[in-house]
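Visitor: I have a model open and want to go through some backbone and sheet details. Can you take me through them?

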Amino acid sequence: QDYILEIKGTKPENVDRDPEYPDGGFTPKEHTMIVGFTTPADLNRNGVADDTLGHVAWNPIHYTKGHDVFIEYCHQNYKSYSSEPCGGATEQIWAWDFQSDRVQLSCNGILEHEVIYEYGEFTTNREADCQYFARRKISEISFQHLQGWYYRGVEKVVPFVTSALPVASTSSTPIDPPNPKPKRCDCFNAACGWCTKVDCAVKYELTDDTEGIQIVSHLAWRKPNRIVLFNDQGQVIGEVLVSRRAISLTGCVKCSPDLPIPFTKGELSNWLLKLAEGQLSIEVEGKEVFKHTLIGECKEAYSQVSYFAFSHSSCEGHVVKKDGMEFGNVFDDGTCNGECSPE
C-alpha cells in the first residue's frame, strides 16, 4: 500500500475478442493479467488460518462479451470497458493504486476503474472484506499471464502541509511575460509525492468562490483533466475529472455533460470550474455544460477544499490567477518541476 504497482507492456494484437466462455464464474481470457496478493498467515474471513489476501485481474484490450476488470471480495467487482482502454494506445503503462479509502486502476494516466471500499462491501463480516487490500500488510505478490511485460513499484509519499507558500499576486488576469503563466504543473511525479504535496498545489478556498476558477487546457474525449482537491491539512479529498465524454467527482457523481461541450480539435479550451454552495458546475467557452447538486457526505467532504492541483497534465495549459490564490513552490517556479521551460 506504500507503492503504486505499475505494469508496462504492449497491447496484444490479432486477438479473438469474442471467445467461447465455459459456464461458471471468473474466467480468465488469453491475455487476462492476474496479480495475487499474499499476507502474513492469519485468520481469514471465515476464521480459518490462511495467507491469501485476494487477487485482481484485468484485460489490456476490450472484449466483446464478459468483463474486463475483476477485484476479488469487492461489491460490483466486475467491470467491462465501454471502449478500448488506454485510449487505444499500443504502449501501455497500467497502474494499481491501493489507497486508504479506494483502489484505482489506470492506464497511461486514464482512470479505467475505481472501487471505493465504503461502497464496495457486500458482506456483513466484522472485518470489511473489500478494505483488506488497504488494511492488511502484503508480504508477497504473484503474477500470471505477464510474459513480455515489466512491473515495478513506485513509492508513495506521506502527505504534508508546507510551512510557507508564496505571497499571492492581486492580478485577476493570466500572468504574462516576463513572469511566466502559472502552469498546470503535473503533480503526478515523485517530487510532488504523486499528488500528495501542496508545494505542487494552489492554496485557494474554491468553495467560497461563486465565480469559479478559469482553466485553459485541451478538453479531450477520453483522457480527462484531473484536478486533485485537498483539505486545509493537505489531505486528499478527491478529484474532479473533466472530459468531453464525462464529468465526475470521485465518490459522488459521474455523469455525461448536460450539453455538448464546445470543441475545436487541437485547440486549447477556456473553461470554468465551480464548486460553491454545494454545487459542482462546469462552463466551457461561456456555456454551462454541467451542473450537479451535492448532498449528504459528499457535500460535507467537498465543502472542505483548501488546495487544488493538476494531475497528469501537460505544460500547455494554465490556471488564471485570482485574488486569494497562493501558488506552491513548484507552480511559482514556472518550470513544472523541470518538465517545462519558463516562457
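**Positive phi and a sheet**

Guide: Sure. Keep in mind that this is a predicted model.

Visitor: OK. What is the phi of E277?

Guide: Its phi is positive, about 55°, although E277 is not a glycine. Most residues other than glycine have a negative phi.

Visitor: Where is E277 found?

Guide: E277 is in the loop between β17 (269-274) and β18 (279-284).

Visitor: And is E277 buried or exposed?

Guide: E277 is exposed: the relative accessible area is 65%, and the cut-off for exposed is over 50%.

Visitor: Now E285. What is its phi?

Guide: Near 50°, which is again a positive value in a residue other than glycine. E285 sits in the loop between β18 and β19 (287-293).

Visitor: How does E285 rate on accessible area, and why?

Guide: The relative accessible area of E285 is 45%, so E285 counts as partly exposed. That class lies between the 20% and 50% limits.

Visitor: Switching to the sheet. What is the strand order?

Guide: The order is β19-β18-β17-β12-β21, an open sheet of five strands with antiparallel pairing.

Visitor: Which strands stand at the edges?

Guide: β19 and β21 (318-319). Each has a single partner strand, so one side of each lacks a neighbour in the sheet.

Visitor: Back to β17 and β18. How many bridges do they pair over?

Guide: Four, and β17 and β18 pair in the antiparallel sense.

Visitor: Which residue in β18 does W271 stand opposite?

Guide: V284 is the residue opposite W271.

Methods. Residues numbered from 1 in each chain as written. Predicted model: local features only at pLDDT ≥ 70, side-chain atom pairs only at ≥ 80, totals over all residues. Heavy atoms only, no water. Helix = DSSP H or I, 4+ residues; strand = E, 2+ residues; numbered from the N terminus. Buried < 20%, exposed > 50% of the residue type's maximum accessible area, 1.4 Å probe, protein only. Pairing = 2+ DSSP bridges.
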